[in-house]
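Reader: Could you take me through one part of this model up close? I'd like to see a loop first, then whatever sits around it.

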Amino acid sequence: MTTVNTPVRERLIEAATELFYAHGMRAVSADRIIERVGTTKVTFYRHFRTKDDLVVAYLEGRAAAEREAVEGAIARAGGDVDAALRLISEGIGASACSPGFRGCAFINAAAEYPDPAGPVRRLNAAHRAWYTSTFERLLAPLALPDPSAAAADLMVLRDGAMVAGYLGDPTAAAGSFLRGGRAITGLRQQSAQSVDSS
């Protein structure tokens with residue numbers, strides 16, 4: 001929660017985070033954010049040259065939060081790939097079931113900013129590259145024949161789970177990601193065998 005003592009730049013980003021995610025980046029004007037924060041246009045433009053610069057700052061914050069969550073899940077799993085996939089899927093499920101969930105902020109941003117050379121899409125591409133390289137690192141102990149393809153497949157599953165969590169049954173999104181991840185990695189068979197032996 002922000003207070004008047006919170007730096008203005010941070011308050012602008014927090015207001016943008018709430019409004020952009022709830023209503024869309026194009027639909028929310030700089031004036032609306034300025035009004036929400038209770039500042040002036042001069043102050044706004046001192047911190048952000050354009051509204052698109054604020055959109056980038058908003059997405060950088062979302063990226064940092066997602067990276068922290070995924071890295072935290074991998075660390076908690078302690079080298080167990082199946083446990084990491086389960087924890088990541090639980091994170092997807094928790095997000096999808098949270099009030100006001102509107103899907104993936106990055107997929108939403110890509111729909112609103114189609115220019116691949118623009119700063120929003122460049123940031124989006126960098127975040128997706130981070131995800132796939134992180135998935136590839138996660139899968140490394142499994143010695144899969146094509147870890148890059150498996151990591152790309154996990155990225156597609158993640159995207160699909162986020163969309164399904166918004167458009168469909170949010171409680172099913174996590175299970176779909178986990179089942180798909182296990183199928184891609186061959187962990188589904190191991191998981192089934194451990195259930196059969198218990």
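**A close look at one loop**

Author: Let's begin with alanine 143, which you'll find in the loop between H7 and H8. Keep in mind as you look that this is a predicted model. Alanine 143 counts as exposed, because its relative accessibility is 65% and the cut-off for exposed is over 50%. Its backbone is worth a glance too: phi of alanine 143 is near 50°, a positive value in a residue other than glycine. Most residues other than glycine have a negative phi.

Now step back one residue. Leucine 142 is in that loop between H7 and H8 as well. Is leucine 142 buried, exposed or partly exposed? With a relative accessible area of 26%, leucine 142 is partly exposed, because that value falls between the 20% and 50% cut-offs. Setting aside residues up to four places away in sequence, leucine 142 touches Val81, Thr185 and Leu187. There's a link along the chain here: leucine 142 and glycine 186 are 44 residues apart in sequence, and their C-alpha atoms are separated by 9.0 Å.

Go the other way and you reach proline 145, also in the loop between H7 and H8. Proline 145 counts as exposed, because its relative accessibility is 86%. Measure from proline 145 to tryptophan 130, C-alpha to C-alpha, and you get 21 Å, for a pair 15 residues apart in sequence.

Thr185 came up as a partner of leucine 142, so let's follow that contact. Threonine 185 belongs to helix H9, which covers residues 170-185. Threonine 185 counts as buried, because its relative accessibility is 8% and buried means under 20%. What does threonine 185 touch, not counting residues up to four places away in sequence? The answer is a set of leucines: Leu85, Leu139, Leu142 and Leu144. The threonine side chain also has a polar partner, since one of its polar atoms lies 2.9 Å from the backbone oxygen of glycine 181.Past the loop comes helix H8, residues 147-167. H8 has 21 residues, and the distance from its first C-alpha to its last is 30 Å, close to the 30 Å expected at 1.5 Å a residue. The buried residues of H8 are Ala150, Ala151, Leu154, Met155, Arg158, Asp159, Ala161, Met162 and Gly165. You'll notice an arginine and an aspartate in that list, Arg158 and Asp159. And what do the buried residues of H8 pack against? Their partners are helix H4 (51-77), helix H5 (81-96), helix H6 (105-112), helix H7 (119-139) and H9.

For a second loop to set beside this one, go back towards the N terminus. Glycine 24 sits in the loop between helix H1 (8-23) and helix H2 (30-37). Glycine 24 takes a positive phi too, about 100°, just after H1. Glycine 24 is buried, because its relative accessible area is 5% and the cut-off for buried is under 20%. Leaving aside neighbours within four places in sequence, glycine 24 is in contact with Leu19, Arg102 and Glu112. Glycine 24 and asparagine 108 are 84 residues apart in sequence, and 7.8 Å lies between their C-alpha atoms.

H1 itself leads into that glycine. The end C-alpha atoms of H1 are 22 Å apart, which agrees with the 22 Å its 16 residues should span at 1.5 Å a residue. Its buried residues are Arg11, Leu12, Ile13, Ala15, Ala16, Leu19, Phe20 and Tyr21. The cover over the buried residues of H1 includes H2, helix H3 (41-47), H4 and H6. H4 and H6 also pack against the buried residues of H8.

Finally, the whole chain, to put those pieces in place. The protein chain has 10 helices and 0 strands, and its C-alpha trace spans about 65 × 35 × 30 Å along the principal axes. Of its 198 residues, 42% count as buried. Take the contacts between residues at least 6 apart in sequence: 64% of them join residues at least 24 apart. The chain exposes about 10400 Å², with carbon and sulfur atoms supplying 55% of it. As for charge, there are 22 positive and 22 negative side chains, and the centres of the two sets lie 5 Å apart.

Note on methods. Residues are numbered from 1 along each chain as its sequence is written. This is a predicted model: local features need pLDDT of at least 70, side-chain atom pairs count only at pLDDT 80 or more; totals for chains, interfaces and linings use all residues. Side-chain values use heavy atoms; hydrogens and water are left out. Helices (H or I, at least four residues) and strands (E, at least two) are DSSP runs, numbered from the N terminus. Buried means under 20% relative accessible area, exposed over 50%, partly exposed in between (1.4 Å probe, protein chains only). Contact means heavy atoms within 4.5 Å. Accessible areas come from the Shrake-Rupley method with a 1.4 Å probe; for residues, only the protein chains shown count as cover. Lys and Arg count as positive and Asp and Glu as negative; His and the chain ends are not counted. The place of a charge is taken as NZ of Lys, CZ of Arg, CG of Asp or CD of Glu. A polar contact is a pair of N or O atoms within 3.5 Å; within protein, one must be able to donate a hydrogen and the other to accept it, and residues adjacent in sequence count only if both atoms are side-chain atoms. The expected span of a helix is 1.5 Å times one less than its number of residues.
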